[in-house]
Amino acid sequence: MKCSNCGHGNVEGSKYCNQCGCPLTDKKVTLGGYSSEHQKFISARTQDNNPQYVKDESRPFYERRKRPDEDGIYDPDFERNKPKKSVIMRMTLVILLALFVFVAYNAVKIAVDTQQERIAQAEIKKQQQALADELKQLENYREKFNTVVESYESQSKLIEENITHLTTLRVNRFMKGLGLGDVFNGIVNKVLDVSDVYDLKERSATLNVLVEELAFPPETYIAKYETLGVLKNVENSISQMISGDITSETKDNLIELHEEYKRLLVDIKR
């Protein structure tokens, strides 16, 4: 069987040329041409016109090219068209890595957003608590302030009674100044009762303490607290005047101070 490529004679029934390695077939090869790299699966060395055939197993024809076509002809495009597992695996790993990064990013973002939302809610609760505490303090201050104002209203009535009985107070002090003894002074106190004067002095001292407790008022009560301080000074002046020496001008001065006292009370209650 003669090789169509090199003209070498081969044994009948051979599929490949023992000289050049070309396939011995009459059928037309349609799977592609053969290059020198494809055909050199068997190398021949000739010395002294005696050919020696050596198998070249470094080529993939014997081991990796294990899938010839149905006619036993080697298909050089088989390995080239064969899917490459390494590329597919790399693409799969890249996709998995991208998916992992995407999931991790969203998980971190959700965690950060959740934490920020918790911080915001905690801040809102803190502000609400601060506002509630402020309102509670304001309510407590208002109650204390109104109690002090009511006490000054009661003190105003007592001042008015003392002004009305100012003559009795003056006579009482004159009789006690005679120095006729404790028995006589007791009789004078019963006849000329001036106990309101002592009540006035005691209440005045208590009111001074209550006003001091209202120091550092909230912003809405600053103006009223200033007016209350002026009222306290007027009340102290009235108490000192009633407790001191009484002259002909004392009553007029007391009436004038009491009018200012009542005006200040009206301003505070607005």
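## Buried residues, cores and a surface patch

Thr 250 is buried, its relative accessible area being 4%. The structure is a predicted model. Because buried means under 20% relative accessible area, the 4% of Thr 250 meets that cut-off. Thr 250 belongs to helix α8, which covers residues 250–268. Leaving out residues up to four places away in sequence, Thr 250 touches Leu 166, Met 241 and Asp 245.

The largest nonpolar core has 29 residues. Those touching the most other members are Phe 145, Tyr 152, Leu 228, Leu 231, Ile 238 and Tyr 261. Two or more residues of this core come from each of α3, α4, α6, α7 and α8. Helix α3 gives the most, with eight residues. Apart from this core lies another, of five residues, including Cys 3, Cys 17, Cys 22 and Leu 24.

The residue ranges of the helices that contribute to the largest core are as follows.

| Helix | Residues |
|---|---|
| α3 | 85–164 |
| α4 | 166–176 |
| α6 | 195–213 |
| α7 | 222–243 |
| α8 | 250–268 |

What does Tyr 261 contact, leaving aside its neighbours within four places in sequence? Its partners are Tyr 152, Gln 155, Ser 156, Ile 159, Leu 231, Val 234, Glu 235 and Ile 238.

On the surface, Leu 93, Leu 96, Leu 99, Phe 102 and Val 103 make a nonpolar patch of about 510 Å². Leu 99 of this patch lies in helix α3, the helix that also gives eight residues to the largest core.

Key
Residues are numbered from 1 along each chain as its sequence is written. This is a predicted model: local features need pLDDT of at least 70, side-chain atom pairs count only at pLDDT 80 or more; totals for chains, interfaces and linings use all residues. Side-chain values use heavy atoms; hydrogens and water are left out. Helices (H or I, at least four residues) and strands (E, at least two) are DSSP runs, numbered from the N terminus. Buried means under 20% relative accessible area, exposed over 50%, partly exposed in between (1.4 Å probe, protein chains only). Contact means heavy atoms within 4.5 Å. Patches are made of residues with over 30% relative accessible area and no salt bridge: like charges are joined within 9 Å, nonpolar side chains (Val, Leu, Ile, Met, Phe, Trp, Tyr) within 5 Å. Accessible areas come from the Shrake-Rupley method with a 1.4 Å probe; for residues, only the protein chains shown count as cover. A salt bridge is a side-chain nitrogen of Lys or Arg within 4 Å of a carboxyl oxygen of Asp or Glu. A nonpolar core is a set of buried Ala, Val, Leu, Ile, Met, Phe, Trp, Tyr and Cys residues joined through side-chain atoms within 4.5 Å.
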